[in-house]
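This report asks the reader to examine one protein chain. Please look at the sequence and the structure below before reading on.

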Amino acid sequence: MGAPLPAESEREPAAGRTLPDYLPARMVNEYVYCPRLFFYEWVEGIFVESADTIEGKQQHRRVDREGAPMAAPGEAEGEWKTRSVTLSSERHRLIARIDLIEGEGRRVTPVDYKHGRPRETAAGLEAWPSDRTQLAVQALILRENGYECDEGIVFYQETRQRVRVAMTPELVEETLKAAREAWETARRGVMPPPLAGSPKCPGCSLHPVCLPDETNWLRGVGRDGDERQLSLFGEPVPRKPAMSEGGVRRLVSARTELRPAYLDTQGLRVGRSGDVLVVKDEDKVVQELRIHDLCQLNLMGNIQVTTQAVQALCEEGVPVCYFSRGGWFYGVTTGLVTKNVFLRQMQFRLAAEPWFCLRLGRQLVAGKIRNQRTMILRNHVEPDARLLAEMKRMAEVAVRAKSLEELLGLEGNAARLYFEAFGGLIKTGEGTDVPKVFRLDFHGRNRRPPRDAVNALLSLGYSLLAKDLTVTCYAVGFDPMMGFYHQPRFGRPALALDLMEPFRPLVVDSAVIQAINTRMITEKDFVQAGPAVVLKPEGRKAFYRAYEQRMDTLVTHPLFEYRVSYRRLLEIQARLLARYMEGEIGEYPVFVTR
């Protein structure tokens, strides 16, 4: 048996992090499988369900039934079995929940149930290395509790086969070494690098969070032959393979199967019946929504929702987003999805650093101007060459701006040029005049209230995009109220506004143009109320469809060269910002379309 782990007093975590008292055997398994997966799950508390994990839980329901009480080592006689036993090791600070223990007197054999199939080798079927390690942790704990344990069994449920594992001195030493390294990794508080081109990654439920290939690719950008790349904090980042053969693998799905729901009729009430949301208008059921099919519930105006419905949505991780009747975004109710407090610590620290705010702000503003210019190039009936040249110059100046004030000025001037040309993007059909409501009253951005139809649509669209990025910030672990380019202000989701800058023209402006040019929205969908132009209920519903269609549009990522929807893209960009802030990649890659 190897040397015990350091005493608890010697395992003080770094940078104010505290660790649990015991390291679970399952986490030693995860560490051997992938140290980064272990860090996400045990140190940051991030877990994402997949079809395999859900199936594994279902299979474990029978196994997890509590069995007869476990006999003490000195009292056990004859053959006996017990299930779902939790034991710990004070010496090694390890803990395990053992699925099944088969005993004969004080000699015991732990049996661990696994979802998959055993490893096929020339010598026959074997347990996978990470499974052998988990079993060895269980054996160590049983030995420390007074039992004799010379072997363990892994039962693979897919093939219904038992694989025996001998507790050799080599396996025990290897297991203790893995446990020590796992403790040390957690104590340091530095996330291990992603695996490079590993076949494990496609089957990992955390790959949309980890982004292994994307992170490795970005760590290799701009090396110019150097073996090491300068990170955000000036410390070299170890070199990783730049790109697997054939490009960055698309481990994230192109689109999500979940859909947002919008409730826009005033006076509706939302209740819950099992896993279904029941929407009523007075006593009449007008709609039923399966909670498992939703990614958001958006309530526009005076709509009531019961506590039972909110609890069910929080439990399933479906945020409830609240808007005013006119489309003003009020806030979000979410479950406990923001467990990554360390990322928020980093966010608050960097938000107080003027150099970081300026550095990120330059990239965001330059990216926004470039995307606005691309919109004009793609859609304007007769783009002005001088305007395009001036916007190109402004984007180049933005990356050299000396202050946030200078950036704000550049962004404002670029927006003025862009919106002066915006009327040229509206084309309702060849030979057809643009309706007056879209043509005559639009001279630039105006709001609170919007005084023309285009501004009414833009304001509603920006509100929806701010909502989506606020939800994304919560999902990633950010505080959406603490921004970098947008400085903190009461009631403003500053980080969500930061992230949405490059996406304003690509998502919202494009959805507005599409809705008008394809006649999804017509002049009949608006009403004049004093100086304000307001969307009628049918017009709002039509614009929600246009916005969601745009969010579902597949777009090619210019760096990774795979196609994903804008909805997926928002989360990828937010997670890349987290990678940048944590020093894993040297620059934040703002999304700029070609």
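## Cysteines, charges and a helix

Cys-295 is buried, since its relative accessible area is 18%. Here, buried means under 20% relative accessible area, exposed means over 50%, and partly exposed lies in between, with a 1.4 Å probe and protein chains only. The structure is a predicted model, in which local features need pLDDT of at least 70 and side-chain atom pairs count only at pLDDT 80 or more, while totals for chains, interfaces and linings use all residues. Residues are numbered from 1 along each chain as its sequence is written, and side-chain values use heavy atoms, with hydrogens and water left out.

A disulfide is a pair of cysteine sulfur atoms within 2.5 Å. By this rule the model has 0 disulfides. For Cys-295, the nearest cysteine sulfur belongs to Cys-321 and lies 9.0 Å away. Cys-314 has a relative accessible area of 22%, so this residue is partly exposed.

The next topic is charge. Side chains of opposite charge can pair when their charged atoms come close. A salt bridge is counted when a side-chain nitrogen of Lys or Arg is within 4 Å of a carboxyl oxygen of Asp or Glu. The model contains 32 salt bridges by this rule. Three of these pairs are set out below.

| Salt bridge | N to O distance |
|---|---|
| Lys-541 and Glu-538 | 3.8 Å |
| Arg-567 and Glu-548 | 2.4 Å |
| Arg-579 and Glu-582 | 3.7 Å |

Lys-541 and Glu-538 both belong to helix 17 (residues 537-552), where they are 3 residues apart, about one turn of the helix. Helices are DSSP runs of H or I with at least four residues, strands are runs of E with at least two, and both are numbered from the N terminus. Lys-541 is partly exposed at 30% relative accessibility, whereas Glu-538 is exposed at 53%.

In the second pair, Arg-567 is buried at 11% relative accessibility, and Glu-548 is buried with a relative accessible area of 11%. Arg-567 lies in helix 18 (residues 566-581) and Glu-548 in helix 17, so their salt bridge ties together parts that are 19 residues apart in sequence.

In the third pair, Glu-582 is partly exposed at 25%, while Arg-579 is buried at 4%. Salt bridges with shared partners join these two residues with Arg-36 and Glu-584 into one network.

Does a buried charged residue have a salt bridge or none? Arg-492 is buried and has none. Lys and Arg count as positive and Asp and Glu as negative, while His and the chain ends are not counted. The nearest side chain of opposite charge to Arg-492 is that of Asp-498, 7.4 Å away. Arg-492 sits in the loop between helix 14 (453-476) and helix 15 (494-500). Apart from neighbours within four places in sequence, Arg-492 is in contact (heavy atoms within 4.5 Å) with Met-481, His-486, Gln-487 and Leu-497.

Helix 17 can also be checked for length. The expected span of a helix is 1.5 Å times one less than its number of residues. For the 16 residues of helix 17 this should be 22 Å, and the end C-alpha atoms are 23 Å apart, which agrees. Its buried residues include Gly-539, Phe-543, Tyr-547 and Met-551.

Finally, Asn-302 lies in the loop between strand 15 (294-300) and strand 16 (304-305) and is exposed at 53% relative accessibility. Asn-302 and Leu-268 are 34 residues apart in sequence, with their C-alpha atoms 7.5 Å apart in space.
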